[in-house]
Amino acid sequence: MLTGRHLLLIVSGSIAAYKALELARLLRRDGARVTPVLTAGGAQFVTPHALQAICGEAVMQDLWSLEQEAAGGHIRLARAPDAVVVAPASADLLARMATGLASDLAGAILLATTRPVLVAPAMNPTMWAHPATVANVAVLRARGIAFVGPENGEMAEPESGYGRLAEPPTMLAAIRALFSAGPLAGRHVLVTSGPTHEPLDPVRYIANRSSGRQGHAIAAALAALGARVTLVSGPVAIADPPGVTVVRVETAAEMLAATEAALPADAAVCAAAVADFRPATAVAGKIKKIAGMAPAPITLALNPDILATLSHHARRPRLVVGFAAETSDLIENARQKLARKGCDWVVANDVSGDVMGGSDNTVHLVTAAGVEDWPLLPKPQVAARLAARIAEALA
Ligand code: C5P
């Protein structure tokens, strides 16, 4: 709940600005006070009257308003709230934030504020993917600005891709996360967990023994440190960790799509045991056993590598952590994996015993700096240690 919190809501120019009205309604229902700021672009899409009515406070629009300057002006507006939320954030406003331009009230507030800032971008997918926007977002993230979305989907124009403003309940969760206590408050971390199921036909699949216990424990440990966590999980029989957004998938292809949809993230932990191969063709009807006939061989196709894709992604999380489950040459294999996949850390574990599905784990943290050997620990403690290390790395 946001009871007693004071938020400054900056609405900039995007067709998605109408969703800012819904967000303001959710924020007030959650107990927050919302002071609205509307840019010139934002005012092309929502009226100051609508925003003012929903926020229950005067809308600030003009950097040069004498009335507002007399009341303390942009410095007061920048400092009085507990956090600043920019929703929607246009490509132009992101660029101005990245370069520190204070040419309008929103820009001046964003330059003068000392409060946490959450940005919810919304723009055409080509604008979002443009190297200029990618560079601006990287600069802002490195400065500790929190992001939510954009999401993948249909745009106002007949086009689709990443660029849709996050849905209001998702933005609300991200705003609540700004106030969670802990070293990862305001951070978004993506975790993959569990096995994947690769269908052979409607009733059969190829899978592995992963229980999801380690990955789920990592998601819970990150949330306990205040992070907003998106857990992309294959089919598992364990409970959802508390305080975590869970996206359920079956196949590696679905897991990849869900992880990309969850970007941007400050860190990603790929703990899922993703099937390396899938049946090249999933048969539409159940494969029949025919008496006296040898079964047809199964042809396999290579699955996408989610960890490697995230490590080389245009919107790569600042820290990417992989796992290496090995039965021999553990450290050497982990080092090679670090280089081959392009991730920052590899958590190496020996799975020749009963680690998969078991409750304890002996891991080694392999980074460019060297190898740390951790003792045999219950999986939640491995998770807590890893979460603490992630918090240090993002600090
Ligand atoms: O190559 P290998 O499967 O041993 O690598 C393990 C690491 O790579 C784990 O972090 C796992 O989550 C990740 N992985 C992945 N997508 C795949 C295969 C593995 O993300 N298709």
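## Ligand site, pockets and backbone features

An oxygen atom of the ligand is placed 2.6 Å from a polar backbone atom of Ala272, in a model that is predicted. Two further short distances involve ligand oxygen: one of 2.7 Å to a polar backbone atom of Phe323, and one of 2.4 Å that runs to an N or O atom in the side chain of Lys337. Of the 450 Å² of accessible area that the ligand has on its own, the protein covers 86%.

The shell around the ligand includes Cys270, Ala272, Val274 and Asp276, together with Pro304, Asp305, Ile306 and Leu307, and is completed by Gly322, Phe323, Lys337 and Lys341. By class, seven of these shell residues are nonpolar, one is polar and four are charged. Helix α12 (306-311), strand β16 (319-326) and helix α13 (330-341) each contribute at least two residues to the shell.

The space that the ligand takes is the largest pocket of the model, and the volume of this pocket is about 880 Å³. Its lining consists of 38 residues, of which Ala272, Ala273, Val274, Phe323 and Ala325 are the closest to the centre. Among these, Ala272 and Phe323 also have the backbone contacts with ligand oxygen described above, at 2.6 Å for Ala272 and at 2.7 Å for Phe323. Helix α10 (213-224) and strand β15 (300-302), as well as α12, β16 and α13, each supply at least two residues of the lining of the largest pocket.

The second largest pocket has a volume of about 410 Å³, and of the 17 residues that line it, Ile287, Pro295, Ala296, Pro297 and Ile298 are the closest to its centre.

Apart from these open spaces, the count of cavities of 30 Å³ or more comes to one. About 80 Å³ of space lies in this largest cavity, and among the 15 residues of its lining, Ala146, Phe147, Gly186, His188 and Arg228 are the closest to the centre. Strand β5 (146-147) and helix α9 (168-178) each supply at least two residues of the cavity lining, and α9 gives the most, with three residues.

The table sets out the classes of the lining residues for each space.

| Space | Nonpolar | Polar | Charged |
|---|---|---|---|
| Largest pocket | 19 residues | 12 residues | seven residues |
| Second largest pocket | 12 residues | two residues | three residues |
| Largest cavity | nine residues | two residues | four residues |

The backbone also deserves attention at a few positions, given that most peptide bonds are trans and that most residues other than glycine have a negative phi. A cis peptide bond joins Ala87 and Pro88, with omega at about -5°, and Pro88 has its place in strand β3 (residues 83-89). Another cis peptide bond joins Gly149 and Pro150, where omega is about 5°; Pro150 lies in the loop between β5 and β6 (151-154). Strand β5 is one of the elements that supply at least two residues to the lining of the largest cavity.

Asp329, a residue other than glycine, has a positive phi near 45°. This residue lies in the loop between β16 and α13, and these two elements are among those that each supply at least two residues of the shell around the ligand.

Methods. Residues numbered from 1 in each chain as written. Predicted model: local features only at pLDDT ≥ 70, side-chain atom pairs only at ≥ 80, totals over all residues. Heavy atoms only, no water. Near = heavy atom within 4 Å. Polar contact = N/O pair within 3.5 Å; in protein donor to acceptor, adjacent residues only side chain to side chain. Areas by Shrake-Rupley, 256 points an atom, 1.4 Å probe, with all protein chains shown as cover. 1 Å grid on protein atoms, 1.4 Å probe; cavity = no way out; pocket = protein on both sides within 12 Å on 5 of 7 lines; lining within 4 Å. Sits in = over half its atoms within 2 Å of the grid points. Helix = DSSP H or I, 4+ residues; strand = E, 2+ residues; numbered from the N terminus. Nonpolar A, V, L, I, M, F, W, Y, C, P; charged D, E, K, R; others polar. Points joined across faces, edges and corners; volume = space filled by probe spheres on them.
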